[in-house]
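Student: I am new to this structure and would like to learn how to read its features. May we go through them one at a time?

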Amino acid sequence: MEKELWKGNEAIAEAAIRAGCNCFFGYPITPQSEVPEYMSVHLPKAGGVFVQSESEVAAINMVYGAAGSGMRAMTSSSSPGISLKQEGISYMAGAELPCVIVNCMRGGPGLGTIQPGQGDYYQATRGGGNGDYRTVVLSPSNVQEAVDFVQEAFDIADQYRNPVMVVMDGLIGQMMEPIEWRPVPKRDLPPKDWATTGRKGRDHHNVINSLYMDPEECDRHNEHLWEKYALMEKNEVRWEEISCEDAEVVITAYGTPARIALTAIEMLREEGLKVGLFRPITLWPFPEDALRKLSKAGHVKAFLDVEMSSCGQMMDDVRLSVEGRKPIRYLGHAGGVMPTAEEIVDAAKAALKEGA
Amino acid sequence: MAIVYEKSRGLTDAELHYCPGCHHGIIHKLVAESLVELGLLDDAIGVCPVGCSVFAYNYFSCDMQEAAHGRAPAVATGIKRTHPNQAVFTYQGDGDLASIGAAEIVHAAMRGEKFTTIFINNAIYGMTGGQMAPTTLIGQKATTCQSGRTKEQAGMPIRMAELLSTLDGCVYAERVCVTDMANLNKAKKAIKKAFQKQMAGEGFTFIEVLSTCPTNWGMTPLKANQWLKDNMVPYYPLGVIKETAPESAEVK
């Protein structure tokens, strides 16, 4: 198939249109503004609706209204803007509304920087809004994956009636890479007979709501949601293992750091050091069973977690999977500073020494 | 025997939870009757707020969405833009619309979103127990201004119909009340006109309904009715605040 050169953010927008996105509601913020810019030109041409909202809060609530009326709705933003969307994401999880939310992450906290970051891992995987809920979080490490995941995200959202996030560091949104428009797996999706479209002769009215005043009813609603999240954990978990079969040190990384780690692994392997990469593709559900299994392998001496975050947010999940069986080292930078391959090489050697 | 009165098909059989003397029940009825009489019930999608009317989705028999606090105009934008042929309305209280949702209502009006907002102004937060609203009158007591609202501490009450009327996208704004039959009839006429203008694609339409809150005002229903006439109407004048001729609403 022919390859085309696309900028990450524009490719994401085009992918959404190809996936049948009916409407996009967004607000400018660096480094994701190319998504609404592209949508404003191309979505109406494809018969869809584009609205530039007055705020991120409004954007996610426009998504709520459109998704509640049966549309394939999307919004995108970057870290501080995603913080503002948390109210709406919680409401959508509660009301069981499907949507796709792209977070083109920058450094934080607060205004932080406009450079790439991975400091929103906790927010994405722990549910950044109030209440007990989960969202599927897909994390591409190149533009091709971003394109594929955004298209699939609409199907995942519709299958479970739940928001799906595509979370990537700003580098992937900003860089150009060759991609191909390859077919993504399609799912058999349930009809949206719950949507508020106007009754049009229907014998009952449809209601979109997340309020349950009766505590027992609210408890049952939460139980239902958790059964759904258990299904997502079972069916949607994704990861990639590279050179882990004989690895003595396993690097855990996602997004751009995972790509830098691959260069480091090549350098280490040239020196005869056995190092591999474990890359979570879904940050939630986290591939904990696969990582646990790997941590039990005799050849694995130590782990090295590499992130664009100062405190190692994903490392919490790595720890929960490794369960103290092997030492875990951390290498991370925040604020737009990316770990270098040389730094990773040194840290992997230190991990090997620690695990020996 | 001739049937002279029936409950509107626009309402469900659910029992209203509103306090005795509260005007929400009357206003629900007017909205429901308007939708039925205009033949819009089967096409309507309503959005209810956070506040006393949070359960309105149980009372209106059309499709309904429950929005986060203040966000009904954004939710309605998402619905109407993707369902331009449906009749879409928000039903919001004064805390919801004039305080936490001020940005959403102003920008929906600015964009000229083609939905109708029914704004219930009772000058207080009802559901949470009588706190001061942006619409609370000077001197009016509330649980967060127990000696009465002062201009120095909280500023002057906000007149939303007048404020939104300054925006070109708002083609019709009228303030009404439902304290007596004459006013109730005017209110229904205004609500119907707003829906008609919406369906004609003219722009954003806004009906502010002055309403009582006997429970949190600490009054009997009758006294509350009188208090509304004596105190609210002088500050929030009734009548058409703005009505744009259809042709001038078009984007040139």
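**Reading the features**

Tutor: Let us begin with a single residue: Cys104(A) counts as buried, at 0% relative accessibility. Buried means under 20% relative accessible area, exposed over 50%, and partly exposed in between (1.4 Å probe, protein chains only). Please note that this is a predicted model, in which local features need pLDDT of at least 70 and side-chain atom pairs count only at pLDDT 80 or more, while totals for chains, interfaces and linings use all residues. Residues are numbered from 1 along each chain as its sequence is written, chains are lettered from A and ligands numbered from 1 in the order in which they are written, and side-chain values use heavy atoms, with hydrogens and water left out.

Student: How many disulfides does a search of the whole structure find?

Tutor: A disulfide is a pair of cysteine sulfur atoms within 2.5 Å. The search finds zero over all chains. Cys104(A) is in no disulfide, and its nearest cysteine sulfur, that of Cys21(A), is 17 Å away.

Student: Why does Cys213(B) form no bond with Cys52(B)?

Tutor: The closest cysteine sulfur to that of Cys213(B) belongs to Cys52(B), but at 6.0 Å it is too far for a bond. Cys213(B) counts as buried, with 8% relative accessibility.

Student: Which peptide bond near -5 degrees in omega leads to Pro285(A)?

Tutor: The general idea is that most peptide bonds are trans. Here, the bond from Trp284(A) to Pro285(A) is cis, and Pro285(A) is in the loop between β13 (282-284) and α10 (288-296) of chain A. These labels follow DSSP runs: helices (H or I, at least four residues) and strands (E, at least two) are numbered from the N terminus. Another cis peptide bond joins Gly108(A) and Pro109(A), with omega about -5 degrees. Pro109(A) lies in the loop between β5 (99-105) and α5 (121-125) of chain A.

Student: How should I read the phi angle, and what is its value in Glu96(A)?

Tutor: Most residues other than glycine have a negative phi. In Glu96(A), phi is positive, near 55 degrees. Glu96(A) lies in the loop between α4 (79-95) and β5 of chain A and counts as buried, at 12% relative accessibility. Glu323(A) also has a positive phi, near 50 degrees. Glu323(A) is placed in the loop between α11 (315-322) and β15 (328-332) of chain A. Is Glu323(A) buried or exposed, you may ask? At 45% relative accessibility, Glu323(A) counts as partly exposed.
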